[in-house]
Amino acid sequence: MKLFYDDEFDAIATAIGNSGHEFKTVAAHMFPDMKPESAYARLKACCNPTGDQRLSFGQTVRLMRFCEAYDPLMYACDETLHARPDRKAPEDEA
């Protein structure tokens, strides 16, 4: 996990990159109602700081859950001066 992120776009791109999933697979999961090529283009646009596309909060949560990478959460904690959280222990989830 990175110690700091340049911006929210860096955090999202890092989560996707560290997930072990191909970018196209993540895009298809994020936008299942779109053709794969369109979903890919939209997710690429959402990761571009100079573009006009953005992921909603819910979409960002969906991305983190699918990728099992929480870089956007860590970025939000850093930006709001909150401590980075730890994951729940399996016993606590039960």
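**Exercise 1. The core**

Which residues have the most contacts inside the largest nonpolar core? Find them, then work out which helices supply the core.

Solution.
Step 1. The structure is a predicted model. Its largest nonpolar core holds 16 residues, and the most contacts inside it belong to Ile-16, Val-26, Leu-43, Leu-55 and Leu-63.
Step 2. Two or more residues of this core come from each of α1 (8-17), α2 (23-30), α3 (36-46) and α4 (57-67).
Step 3. The top contributor is α2, which gives 4 residues.
Step 4. Take Ile-16 as an example. Leaving out residues up to four places away in sequence, Ile-16 touches His-21, Phe-23, Val-26, Leu-43, Cys-47, Leu-63 and Cys-67.

**Exercise 2. The chain as a whole**

Describe the overall make-up of the chain.

Solution.
Step 1. Count the elements: there are 6 helices and 0 strands. In sequence order the pattern reads α-α-α-α-α-α.
Step 2. Take the extent. Along the principal axes, the C-alpha atoms fill a box of roughly 40 × 30 × 20 Å.
Step 3. Consider burial and surface. Of the 94 residues, 32% are buried. The accessible surface is about 6,400 Å², and carbon and sulfur atoms account for 53% of it.
Step 4. Consider how the chain meets itself. Among contacts with a separation of 6 or more, 57% join residues 24 or more positions apart.

**Exercise 3. Helix α1**

Is α1 largely enclosed or not enclosed by the rest of the structure? Give the residues and the elements involved.

Solution.
Step 1. List the buried residues of α1: Phe-9, Asp-10, Ala-11, Ile-12, Thr-14, Ala-15 and Ile-16.
Step 2. That is 7 of the 10 residues of α1, so the helix is largely enclosed by the rest of the structure.
Step 3. Identify the cover. The elements over these buried residues include α2, α3, α4 and α5.
Step 4. Look at the start of the helix. Asp-7 caps the N-terminal end of α1, with a side-chain oxygen 3.1 Å from the backbone nitrogen of Phe-9.

**Exercise 4. The buried side of α3**

Which residues of α3 are buried, and how are they placed around the helix axis?

Solution.
Step 1. The buried residues of α3 are Ala-39, Leu-43 and Cys-46.
Step 2. Their arc around the axis is only 55 degrees, which puts them on the same side of α3.
Step 3. A general rule applies here: an α-helix has 3.6 residues a turn, so residues three or four places apart point the same way.
Step 4. The buried residues of α3 pack against α1, α2 and α4.

**Exercise 5. Salt bridges**

How many salt bridges are there? Name each pair and classify the partners by exposure.

Solution.
Step 1. The count is 2 salt bridges. In general, side chains of opposite charge can pair when their charged atoms come close.
Step 2. One bridge joins Lys-2 to Asp-10, with the closest N and O atoms 2.8 Å apart. Lys-2 is partly exposed at 32% relative accessibility, whereas Asp-10 is buried at 16%.
Step 3. Another joins Asp-78 to Arg-84, with the closest N and O atoms 2.6 Å apart. Asp-78 is partly exposed at 29%, and Arg-84 is partly exposed at 27%.

**Exercise 6. Two loop residues and the chain start**

Classify Ser-19, Glu-68 and Met-1 as buried or exposed, and say what lies around them.

Solution.
Step 1. Ser-19 sits in the loop between α1 and α2. Its relative accessibility is 16%; buried means under 20%, so Ser-19 counts as buried.
Step 2. A polar side-chain atom of Ser-19 lies 3.0 Å from the backbone nitrogen of His-21. Beyond four places in sequence, Ser-19 touches Val-26 and Cys-67.
Step 3. Glu-68 sits in the loop between α4 and α5 (71-79). Its relative accessible area is 63%; exposed means over 50%, so Glu-68 is exposed.
Step 4. Glu-68 and Ile-16 are 52 residues apart in sequence, with their C-alpha atoms 9.2 Å apart.
Step 5. Met-1 belongs to the segment before α1 and is exposed, at 68% relative accessible area.
Step 6. Met-1 contacts Asp-71, Met-74 and Arg-84, setting aside neighbours within four places in sequence. The C-alpha atoms of Met-1 and Ala-69 are separated by 9.0 Å, although 68 residues apart along the chain.

Methods:
Residues are numbered from 1 along each chain as its sequence is written. This is a predicted model: local features need pLDDT of at least 70, side-chain atom pairs count only at pLDDT 80 or more; totals for chains, interfaces and linings use all residues. Side-chain values use heavy atoms; hydrogens and water are left out. A nonpolar core is a set of buried Ala, Val, Leu, Ile, Met, Phe, Trp, Tyr and Cys residues joined through side-chain atoms within 4.5 Å. Buried means under 20% relative accessible area, exposed over 50%, partly exposed in between (1.4 Å probe, protein chains only). Contact means heavy atoms within 4.5 Å. A polar contact is a pair of N or O atoms within 3.5 Å; within protein, one must be able to donate a hydrogen and the other to accept it, and residues adjacent in sequence count only if both atoms are side-chain atoms. The arc is that of the directions from the helix axis to the C-beta atoms. Accessible areas come from the Shrake-Rupley method with a 1.4 Å probe; for residues, only the protein chains shown count as cover. A salt bridge is a side-chain nitrogen of Lys or Arg within 4 Å of a carboxyl oxygen of Asp or Glu.
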